[in-house]
Amino acid sequence: MEQKVNLKEIKGVGEKLSQKILRSVGGENNLEKIVKELDLEKLYSIEGISQRKAVEIMNQLLGNPAEKFLKSERAILLYEEIIKKILDYSNTKFSENRILLLYPSKDKLTIEKKAKFIMEAKEKVSKLPIIKLRGLMKNLDVPKEIKPKYDPSKAILVESQEDNDYLIELGLNQYFPILTASESPALKEEIRSYELIYYVYSEGFLDIGDMDNFIMINKEVPNYEIVPEVILNYFIINQDLFTKVAEIRKILNKESNLNEISDILEELNNTENKVDLEELINSVKNDADNEIKIAIKNIDFEGDEVLDLLNNNLPPKIEKIFDEIIHKSKAIIVEKSGIDFDPFLKKYPLEIDEKEIERIKRLENSKLENDLFDKKVKVAKHLASIKKFVKEEVEETLKFDYEFCLGSFAYEYNLNPPKISDNFKLKGALHLELGLEKGENIQKVDYDLSYPDNVALLTGANSGGKTTLLETIGQVSIMAQMGLPVCADYAEVKLLDEIYHFSKKRSLDAGAFESFLNVFLPIVTTNNEKLVLLDELEGITELEAAVKIISSFIEMIKDTNSYAIIVTHMARELMKYANVRVDGIEAKGLDKEYNLIVDRTPKMNCLARSTPELILKRIYENSEGKIKEVYGEILKKF
């Protein structure tokens, strides 16, 4: 922090919120680290603090550098417009937060370091598929930490209350109920009511008998080997994020652990196509019944064999038919299902042994669950080994968006780093509003405000670009001190303590005039080096009084290390009271569409006319009827 600021002293914080912030971040030292790293997320992740509030708190903890530099409403607005234009290139909350904390500085090393970073980013962006990257980067965020899914159909069995407490401490009770072994005879029955039991053992002394729904796990293994979902769910829910980050890193020619995640997770879904056992048994049974029926029809029974039938005994001939067909049917079931069991009772039609089928289904389901669990553990082990690197890759990609955002802004506006000097010189400068425009009508501007001419009057045509030039100089000054490259082919900028920008105001009453003086005149009473931009302030009071006020201001600031540009239509009057350079933006006429033909680069030491007759002529040519006649009469007087 540039200065120690008591949280409680920050507007809108107070004692209660101050304590909450310190508790949430882990104390004063951690708060200082958050401020140093501009980690805005840590602040607005605290319940009750919005992003806007977090920005306000962070700025106050930083000592409000923007407020110290921007000393008028219009200067603040220029700064906010710059921030807004940069934010247009932000794709993530991460970069947005850091852009909101870009602020002017007077530290030359900090400024030059940041400008170098942005110019390198601009060069990098120029070689990248910008549109594709923007699509991939849009709304990227840190991986989500998911809430566990509770599954009451399965349970964890432990040997003691101590083991129970240990697993609860790990949070595994959020996934499955935890049972503690007891000598109760009902334990086995309770266990059988669950689809699957995870026996997490310390000693392994529990005797559960012949239960199939049982998996044994050593208590000493990591928690994700007891409940693999601890890791798996994290990767599943963030899979789309990881896929995008992997693609971004591929574009950036960076290695990644993320490429394999989709394939690894896909393994969990690649279970073998299990045959529908009941459908298979019924199909084989129908075929077997038909085969038995046909075989028996073709048998000739002797007297003793008929007597056997009457006594409910199967004659050897029929016994043989049943044995052969059942054996054959069983072989078909084994071949198609891989399960060797006896599904049929020897009756006609064949009867399905439902108890055997239920036993086999439980057994197979247990095998399936065991296989799936082993597969989950194997996948979870691998994913756990790369989780740290995956988080780092996402964080690195989010940081890249900040670089990508500033680089894209500098690239698309063709910004260039200013030279820090003792003067203001611009060559090929453009207002940011025109920075993305193309075409012959876009004129770049040159301007020089160097000692001894550190104050200048700017005169010339209405709609000729005087206000735009003033704002362009303001933008260049603010951007330079933010460490940003500027919208000019070449710029020299002096680092200053303050910038003031006053725009035109009309018909001020006595109270408003007094308020203006209270803000305006103290500018000359401090030794701070400043840039003052005044835009047509002649409407502040009567013309003669305005001339005296502004000329006094010129004389006071001219002998300081500050700079001023004054847009005015009363240059002739001011020149009577002050020795000051006058620059002019001249209108040369109207084009075929009656637009002003203007050279928007001011001529030094040139008192340019405001050329109201050209404006009148344009309106005259675009008017009709009586209105046109009136404008025609006015034009005759010029």
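This note goes through a five-stranded sheet, one buried serine, the cysteines and several salt bridges in a predicted model.

1. Basis of the values. The model is predicted, and local features need pLDDT of at least 70, side-chain atom pairs count only at pLDDT 80 or more, while totals for chains, interfaces and linings use all residues. Residues are numbered from 1 along each chain as its sequence is written, and side-chain values use heavy atoms, with hydrogens and water left out.

2. The sheet. Five strands, in the order S12-S13-S14-S10-S15, form an open sheet with parallel pairing, where strands are DSSP runs of E with at least two residues and helices are runs of H or I with at least four, both numbered from the N terminus, and where two strands pair if DSSP finds at least two bridges between them. Strand S12 (498–502) and strand S15 (581–585) stand at the edges with a single partner strand each, so one side of each has no neighbour in the sheet. From one strand to the next the twist averages 15°, with axes taken as lines fitted to C-alpha atoms, for helices over the stretch in contact, and angles running from 0 to 180 degrees between N-to-C directions.

3. Pairing and packing at the sheet. Strand S10 (residues 455–460) pairs with S15 in the parallel sense over five bridges, and glycine 460 has isoleucine 585 as its bridge partner in S15. Helix H22 packs on the sheet, where it touches S10, strand S13 (530–535) and S14, and its direction makes about 155° with that of S14; contact here means heavy atoms within 4.5 Å.

4. Serine 562. This residue is placed in the loop between helix H22 (543–558) and strand S14 (563–567). Serine 562 is buried, with a relative accessible area of 1%, on a scale where buried means under 20%, exposed over 50% and partly exposed in between (1.4 Å probe, protein chains only). Its side chain reaches the backbone nitrogen of lysine 530 at 2.9 Å. Leaving aside residues up to four places away in sequence, serine 562 touches Tyr451, Asn454, Asn528, Glu529, Lys530 and Ile557.

5. Cysteines. The structure holds zero disulfides, a disulfide being a pair of cysteine sulfur atoms within 2.5 Å. Cysteine 405 is buried at a relative accessible area of 0%, and cysteine 487 also counts as buried, at 6%.

6. Salt bridges between distant parts. The structure holds 30 salt bridges, each a side-chain nitrogen of Lys or Arg within 4 Å of a carboxyl oxygen of Asp or Glu. One of them joins the side chains of lysine 85 and glutamate 433 (2.9 Å, N to O); because lysine 85 lies in helix H6 (residues 73–87) and glutamate 433 in the loop between strand S8 (424–429) and strand S9 (445–449), the pair ties together parts 348 residues apart in sequence. Lysine 85 is buried at 14% relative accessibility, whereas glutamate 433 is partly exposed at 48%. Aspartate 497 and lysine 106 also meet in a salt bridge (2.9 Å, N to O), linking parts of the chain 391 residues apart.

7. A buried pair and a network. Aspartate 583 and arginine 581 meet through their side chains in a salt bridge (2.8 Å, N to O), with aspartate 583 buried at 0% relative accessibility and arginine 581 buried at 8%. Elsewhere, salt bridges that share partners join Lys106, Asp422, Lys494, Asp497 and Glu529 into one network.

Methods
Polar contact = N/O pair within 3.5 Å; in protein donor to acceptor, adjacent residues only side chain to side chain.
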